[in-house]
Amino acid sequence: MERVPSAVLNKEILGRLDLEALCSLVCVNRAFRFAVESQAIPSLSSLNLCTISPDEQTLIYILGRCKSLYSLTVNCLRLQDYSLYAFLTPTVQELNLWCCSSLSYQILASLGHNCPNLRVLMLEFADKESPDVFQSNLAIMLSGCLHLESLSLKIRGIEVDASAFHSIEHFLPNTIKTLKLQPVLECNALLLLRRLCRNLLETENPCIPTSSYYSSFNLWSLSLVLDIITDELLMTISRSLPHLVELDLEDRPNKEPLADYDLTNTGLQSLGSCHRLTGLSLIRSRLKHQGTFKRINDMGMFLLSEGCKGLESVRLCGFSKVSDAGFASILHSCQSLKKFEVRNALFLSDLAFHDLTGVTCALVEVRLLWCRLITSETVKKLASSRSLQVLDLGGCKSIADSCLRSISGLQKLTELNLTGADVTDSGLSVLGQGNLSITNLCLRGCKRVTDKGVSHLLCGGGTISQSLTVLDLGYMPGISDKTIPTIAAAGIGIIDLCIRSCFYVTDASVEALARKKLCQDGSKQLRRLDLCNCIGLTADSLRWLRRPSFQGLHWLGIGKTRLASQGDTITVINKERPWLTMCLDGCEMGCHDGWQFHRQGSL
């Protein structure tokens, strides 16, 4: 080790390792410890800590040694404002702060004072303070960060006051190219867009006095979560942002929209003015009101597909009046389409995919979620696209074993979601014998799959046992303690495992996973494990979460189990393992959607 030139060690060895691997080397010997702490970590220019939820002490240990960071991503689930102050410096150009459950809006003002060279900012807050406090701190931040090119701000909670972004148009730097805001009132979004429209008129018509502030303001990407999407909003976007490349709109109406205050075919048609548009997402969420876009039918889709033929990515949710003809027009007219996603489409059936000659060759990602009329016949048609990498059929309950042989021929497929499908052990045997390179497989809610089916999948002689890294077996009554040793022994690449609400899983399964490294040399360690609502577990299984078991574990979900009530033991484990986040609230894997509802002290 001492004979290796430092330049070779840093560039060819340490420079190729991620942070976790570097921290592991610290424990090998003194020479490696010195090299990592004095050379490797200080030379890092970019650092991503989104896969763990560091506490203040861990963050200081890592970032305190980084002297030249310009890009930083942190999961702030367990951090306070003061934990970050020391690292907000003029050298930072990109900052992504996820899951800011305890950060106050004051952090925005700190960014404005200390990070004048910031180019990219992403922040997601929990809704805790008043909109006025947010607005005042946001104004300070935007006034200090005059070089921002990408801004993403989300305030998450149950009943968030959507007026928080009122008057943001007065402070946005003219360098902004990408803007993402959640939540926003439609009236405030219109004010912002009209300001941009004025900018466009000033730029194109020299007779109109030009405002130096707005003269170069030009958005390429816009993403908004609103109270309502209307024709007026889309028409204003089309007039104000003719150079728009990506548009992502989601609304969450509290009640049924009025006939003259909703999105109709006319609004969709207006998007034809955005000739550079390649990505479009229109979603009516069901979080607050079981509503859909009832005033859009097949004609609206025909007009959209004719006006926006350059679309490469389309996401549509809540189009309850659109039939096969409307969705098929998108597939046939948009020849460059690579990503196609439709959710909750009541009338989307196999007929939309009946004739895909010359269409499917470009498709890379297809997601058809909770479309009840989709069957295995659609999958057989899509299988003709040999470039398909992602196939998401979550909630399509008529998907059966008959299409799995077609899926097994998709050599480039990396992600497959069969949530709620009518597949059986025999179907999984087909997948287990193929040469698939699937890394992410979801079988959640597949009630006809048993322990035998998982054994066929991982021990069938195919490649999936080597490639699989993420496996979801949640809500499956046929899964028991017999499955988990199979996963520990044969699923050597699995790092994320979900077995939530598997009622026949007991302490023996936790023990089998804890001993995984002993069962199979070369197997990867689990990073995330979801045991939520596994009612067969007892408090005794917590002993397997103590050192040295589960050495690589970053996240553990134990909500709605007997383990969650063992406060003293959990405290001891947290002290032993500062890199481990133990979620007691029942969140999905990683707490990415649910962290804002955590009870105080539930981590």
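Where is cysteine 591 found? Select it: cysteine 591 sits in the segment after strand 20 (581-583). Keep in mind that this is a predicted model. We will return to this residue after a look at the whole chain.

**The whole chain**

Show the cartoon first. The chain has 20 helices and 20 strands. Its C-alpha atoms fill a box of roughly 75 × 60 × 50 Å along the principal axes. The radius of gyration is 26 Å, which agrees with the value near 25 Å for a compact globule of 603 residues.

Now colour by burial. Of the 603 residues, 55% count as buried. Add contacts between residues at least 6 apart in sequence: 75% of them join residues at least 24 apart. Switch to the surface. About 25,300 Å² is exposed, and carbon and sulfur atoms supply 52% of that. Colour by charge to find 60 positive and 58 negative side chains. The centres of these two sets lie 4 Å apart.

**Helix 5**

Select residues 106-114, which form helix 5. Ile107, Leu108, Ala109, Ser110, Leu111 and Gly112 are buried here. What covers them? The cover includes strand 3 (94-100), strand 4 (120-126), helix 6 (131-144) and strand 5 (150-156).

**Cis peptides and positive phi**

Most peptide bonds are trans, and most residues other than glycine have a negative phi. The next stops depart from that pattern.

- Go to glutamine 182 and proline 183. The bond between them is cis, with omega near -5°. Proline 183 lies in strand 6 (residues 178-184).
- Go to arginine 547 and proline 548. This bond is also cis, with omega near 10°. Proline 548 is in the loop between strand 18 (528-530) and strand 19 (555-557).
- Select asparagine 344. Its phi is positive, near 50°. It belongs to the loop between strand 11 (339-343) and strand 12 (365-369). At 16% relative accessibility, asparagine 344 counts as buried.
- Return to cysteine 591. Its phi is positive too, about 60°. The relative accessible area of cysteine 591 is 0%, so it is buried.

**Aspartate 324**

Select aspartate 324 in helix 11 (residues 324-333). Which side chain of opposite charge is nearest to aspartate 324? It is arginine 372, 11 Å away. Aspartate 324 is buried yet has no salt bridge. Leaving aside residues up to four places away in sequence, aspartate 324 touches Phe347, Leu348, Ser349, Leu351 and Ala352.

**Salt bridges**

The structure holds 24 salt bridges. Three are worth a stop.

Start with glutamate 415 and arginine 367, which meet at 3.4 Å, N to O. Glutamate 415 is in strand 14 (residues 415-417) and arginine 367 in strand 12, 48 residues apart. Glutamate 415 is partly exposed at 22% relative accessible area, whereas arginine 367 is buried at 16%.

Next, select arginine 444 and glutamate 588. Their salt bridge is 3.0 Å, N to O. Arginine 444 lies in the loop between strand 15 (440-442) and helix 15 (451-458), and glutamate 588 in the segment after strand 20, so the pair ties together parts 144 residues apart in sequence. Arginine 444 counts as buried at 15% relative accessibility; glutamate 588 is partly exposed at 35%. Now add Asp472, Arg500 and Asp530: with Arg444 and Glu588, they are linked in a network of salt bridges.

Finish at glutamate 511 and arginine 515. The closest N and O atoms of this salt bridge are 3.2 Å apart. Glutamate 511 is partly exposed, with a relative accessible area of 26%. Arginine 515 is partly exposed at 36%.

Conventions: Residues are numbered from 1 along each chain as its sequence is written. This is a predicted model: local features need pLDDT of at least 70, side-chain atom pairs count only at pLDDT 80 or more; totals for chains, interfaces and linings use all residues. Side-chain values use heavy atoms; hydrogens and water are left out. Helices (H or I, at least four residues) and strands (E, at least two) are DSSP runs, numbered from the N terminus. Buried means under 20% relative accessible area, exposed over 50%, partly exposed in between (1.4 Å probe, protein chains only). Lys and Arg count as positive and Asp and Glu as negative; His and the chain ends are not counted. A salt bridge is a side-chain nitrogen of Lys or Arg within 4 Å of a carboxyl oxygen of Asp or Glu. Contact means heavy atoms within 4.5 Å. The radius of gyration is taken over C-alpha atoms; the globule rule is 2.2 Å times the number of residues to the power 0.38. Accessible areas come from the Shrake-Rupley method with a 1.4 Å probe; for residues, only the protein chains shown count as cover. The place of a charge is taken as NZ of Lys, CZ of Arg, CG of Asp or CD of Glu.
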